[in-house]
Amino acid sequence: MLFEQVSADIVSAMKNKDKVRLMALRNVKKYFIETKTAPGANDELSLSDEDAIKILAKLAKQGKDTAAVYESQNRADLAEEEMKQVHIIEEYLPKPLSAEELRAALSAIIQETGVTDIKEMGRVMGIASKRLAGKAEGRTISAMVRELLS
């Protein structure tokens, strides 16, 4: 489970005095705990890997966006620090799908759902977003679904 892996890696980072890794992983664990204890969250004692991957993908995207803002403000030092944390977070994400793999997965979902019109794209997106969480960005999935249904 990712939650336990992150917790163990925090201890390892403390022992190795790896400040950047420690800061990134503590931030990840904070979001994991917030999700587990949020009002309306199910009463499970642990966080599912599926939910953890969604959180990790979101944090990685936010980090990249923040780094881009720092770059635009000529703060390369802050952008570099942010990207170091993003790389640490990405270590826990599944390997991203190649364009060919994504096309094949989306084609299978389209066939499975029987969708033939772009007006029904939402049905495909709902399934694809869940199955491909952490393996491809939503924008990329959306663009390819549009292409396949056109």
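A residue is called buried here when its relative accessible area is under 20%, exposed when that area is over 50%, and partly exposed in between. The model open in your viewer is a predicted one, and the tour below moves through it from the core outwards.

**First stop: Phe3 and Phe32**

Select Phe3, which has a relative accessibility of 12% and therefore counts as buried. Then add Phe32 to the selection, a residue that is also buried, with a relative accessible area of 0%. With both rings shown, you are looking at an aromatic pair of the tilted kind, with 6.1 Å from centre to centre and 35° between the planes. Because Phe3 belongs to helix α1 and Phe32 to helix α2, the pair ties together parts that are 29 residues apart in sequence. The count of aromatic pairs comes to one.

Keep Phe3 on screen and bring in Lys36, whose charged end sits over the ring of Phe3, 4.2 Å from its centre. A similar arrangement can be viewed at Tyr31, where the charged end of Lys30 sits over the ring at 4.5 Å from the centre.

**Second stop: the cores**

Stay with Phe32 and show what surrounds it: leaving aside neighbours within four places in sequence, Phe32 is in contact with Leu2, Phe3, Val6, Leu47, Ala52, Ile55 and Leu56. Next, select Val6, Val28, Phe32 and Leu56 together, since these are the residues that touch the most other members of the largest nonpolar core, which has 23 residues. The elements that give two or more residues to this core are α1 (2–16), α2 (19–37), α3 (49–72) and α4 (76–90). Apart from this core lies another one of 14 residues, which you can find by selecting Leu102, Ile109, Val115 and Ile141, all listed among its members.

**Third stop: along helix α3**

Now select helix α3 and follow it from end to end. At 1.5 Å a residue, its 24 residues should span 34 Å, and the end C-alpha atoms are 34 Å apart, which agrees. To see which side chains of α3 are buried, highlight Ala52, Ile53, Ile55, Leu56, Leu59, Ala60, Gly63 and Ala67; these buried residues pack against α1, α2 and α4.

Within this helix, pause at Ala60, which is found in α3 and, at 4% relative accessibility, counts as buried. Which residues does Ala60 contact, leaving aside its neighbours within four places in sequence? They are Val86, Ile89, Glu90 and Leu93. If you then draw a distance from the C-alpha atom of Ala60 to that of Thr140, a residue 80 places away along the chain, the separation is 16 Å.

**Fourth stop: two loop residues**

Go just past α3 to Asn74, which follows the helix and has a positive phi near 55°. Asn74 lies in the loop between α3 and α4 and is exposed, with a relative accessible area of 70%. Most residues other than glycine have a negative phi, and with that in mind it is worth selecting Lys17 as well, a residue other than glycine whose phi is positive, near 55°. Lys17 is placed in the loop between α1 and α2, and at 70% relative accessibility it counts as exposed.

**Last stop: salt bridges**

The structure holds eleven salt bridges, and a few of them make a suitable end to the tour. Select Glu91 and Arg21, which form a salt bridge whose closest N and O atoms are 2.9 Å apart. Glu91 lies in the loop between α4 and α5 (99–113) while Arg21 is in helix α2, so the pair ties together parts that are 70 residues apart in sequence. Adding Asp18 to the selection shows a network of salt bridges in which Asp18, Arg21 and Glu91 are linked.

Then move to Arg131, which forms a salt bridge with Glu112, the closest N and O atoms being 2.6 Å apart. Since Arg131 belongs to helix α6 (residues 121–131) and Glu112 to helix α5, the pair ties together parts that are 19 residues apart in sequence. Arg131 itself is partly exposed, with a relative accessible area of 43%.

Finally, select Glu120 and Arg123, where a salt bridge brings the closest N and O atoms to 3.0 Å. Glu120 counts as partly exposed at 31% relative accessibility, and Arg123 counts as partly exposed at 43%.

Terms used:
Residues are numbered from 1 along each chain as its sequence is written. Side-chain values use heavy atoms; hydrogens and water are left out. A nonpolar core is a set of buried Ala, Val, Leu, Ile, Met, Phe, Trp, Tyr and Cys residues joined through side-chain atoms within 4.5 Å. Buried means under 20% relative accessible area, exposed over 50%, partly exposed in between (1.4 Å probe, protein chains only). Helices (H or I, at least four residues) and strands (E, at least two) are DSSP runs, numbered from the N terminus. Contact means heavy atoms within 4.5 Å. Rings of Phe, Tyr and Trp (its six-membered ring) pair if their centres lie within 6.5 Å; planes under 30 degrees apart count as stacked, over 60 as edge-to-face and the rest as tilted. A charge sits over a ring if NZ of Lys or CZ of Arg is within 6 Å of the ring centre and within 35 degrees of the ring normal. The expected span of a helix is 1.5 Å times one less than its number of residues. A salt bridge is a side-chain nitrogen of Lys or Arg within 4 Å of a carboxyl oxygen of Asp or Glu.
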